[in-house]
Amino acid sequence: MSNIFGVTSGDSPETLLTNGYQLYDWVVRMNQFPAFWGRGILGNQAVSREEIEFLHKKNCKVVLIHNDLTEAAVSTNDGYQEAIRAVEAAGELGAPKDRGIALFAEFGSDWSLHHNWMMSYAQAVADNGYIPGFIGNTDSSLNFNFDRQYSHYINATREMKGYEAVCWATEPKMQGELCAWTPFCPSALQPNEISLWSTGRIRLNQITAEEVYARDAQVLSCMW
């Protein structure tokens, strides 16, 4: 397998843990050196320029995640304002435009959403120099709404320039290293069209990091 390991976290990779490790070093100890690290770009625990510099010095790419959404917002037809919030936050962090960097919208695992919201979010992100990405619960037995709405999005935009989105699956959870690329995926996609897959969790007390795998090295191009 050529899958690439990384993580996401709500806390800074420089967070000092009760065992004396920084979160970054604990991830390395519990798994391996991460090739990428996903962090929110909005809200109280948003990534800082200092964190980004820290990760880049570790040769670790940064994944930019809009995780300050609400179910009420994404259930509407209009994702423009949320896209602009993400674009502005990415710009303030210094993320370069027109380099294929993705701004991922993260949906709650049990949320309902609307494909028109996804379409307007994607268009606004693309018009402003980034590419769209979506993180959602891909287990249709737990949240069929995401499957249905993402599939509507794919079918509506398949021939439209600028709407190509990076899909990030959150199910199923796995233990140990991956032996096969088998993420659950919306019915309009095949597993090999899923770019990222959250598979497990590294935890120490209340601090966690989600283990994520990229399908292959090419996926790293959508990261900063």
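**Notebook: T170, pockets and cores**

I started with T170, which sits in the loop between β6 and β7. A reminder to myself before going further: this is a predicted model.

Is T170 buried or exposed? I looked up its relative accessible area and found 15%. The cut-off for buried is under 20%, so T170 counts as buried.

Next I checked what surrounds T170. Leaving out residues up to four places away in sequence, T170 touches I135, G136, N137, T138 and S198. I also found a polar link here: the T170 side chain reaches the backbone oxygen of G136 at 3.1 Å.

**Largest pocket**

I then turned to the pockets. The largest pocket has a volume of about 530 Å³. Its lining holds 26 residues, and those closest to the centre are T8, E106, I135, R201 and E210. I135 caught my eye, as I had just met I135 among the residues that T170 touches.

Which strands supply at least two residues each of this lining? I noted β2 (36–40), β5 (131–136), β7 (196–204) and β8 (207–214). By residue class, I got 7 nonpolar, 13 polar and 6 charged for the lining of the largest pocket.

**Second largest pocket**

The second largest pocket came out at about 450 Å³. I found 20 residues lining the second largest pocket, with E164, A165, V166, E193 and S195 nearest its centre. Two elements give two or more residues to this lining, namely α6 (144–157) and β6 (166–169). The largest share, 4 residues, comes from α6. The classes here are 12 nonpolar, 4 polar and 4 charged.

**Nonpolar cores**

Last, I went inside. A general note for the page: in soluble globular proteins, nonpolar side chains tend to be buried together.

How many residues does the largest nonpolar core have? I read 62, and the residues with the most contacts inside this core are L64, L103, F107, W117, Y121 and F134. Helix α5 (residues 115–127) gives the largest share of this core, 7 residues.

I picked L103 for a closer look. Setting aside neighbours within four places in sequence, I listed its contacts as L64, A86, V87, A90, Y121, V125, Y130, I131, P132 and G133. L64 and Y121 on that list also appear among the core residues with the most contacts.

I closed the page with a second, separate core of 17 residues, which includes A35, I65, A214 and M223.

Conventions:
Residues are numbered from 1 along each chain as its sequence is written. This is a predicted model: local features need pLDDT of at least 70, side-chain atom pairs count only at pLDDT 80 or more; totals for chains, interfaces and linings use all residues. Side-chain values use heavy atoms; hydrogens and water are left out. On a 1 Å grid over the protein atoms alone, a cavity is a set of points where a 1.4 Å probe fits but cannot get out, and a pocket is an open set with protein on both sides within 12 Å along at least five of seven lines; lining residues have an atom within 4 Å of a point. Grid points are joined across faces, edges and corners, and a volume is the space filled by probe spheres set on the points. Ala, Val, Leu, Ile, Met, Phe, Trp, Tyr, Cys and Pro count as nonpolar, Asp, Glu, Lys and Arg as charged, and the others, Gly among them, as polar. A nonpolar core is a set of buried Ala, Val, Leu, Ile, Met, Phe, Trp, Tyr and Cys residues joined through side-chain atoms within 4.5 Å. Buried means under 20% relative accessible area, exposed over 50%, partly exposed in between (1.4 Å probe, protein chains only). Contact means heavy atoms within 4.5 Å. A polar contact is a pair of N or O atoms within 3.5 Å; within protein, one must be able to donate a hydrogen and the other to accept it, and residues adjacent in sequence count only if both atoms are side-chain atoms.
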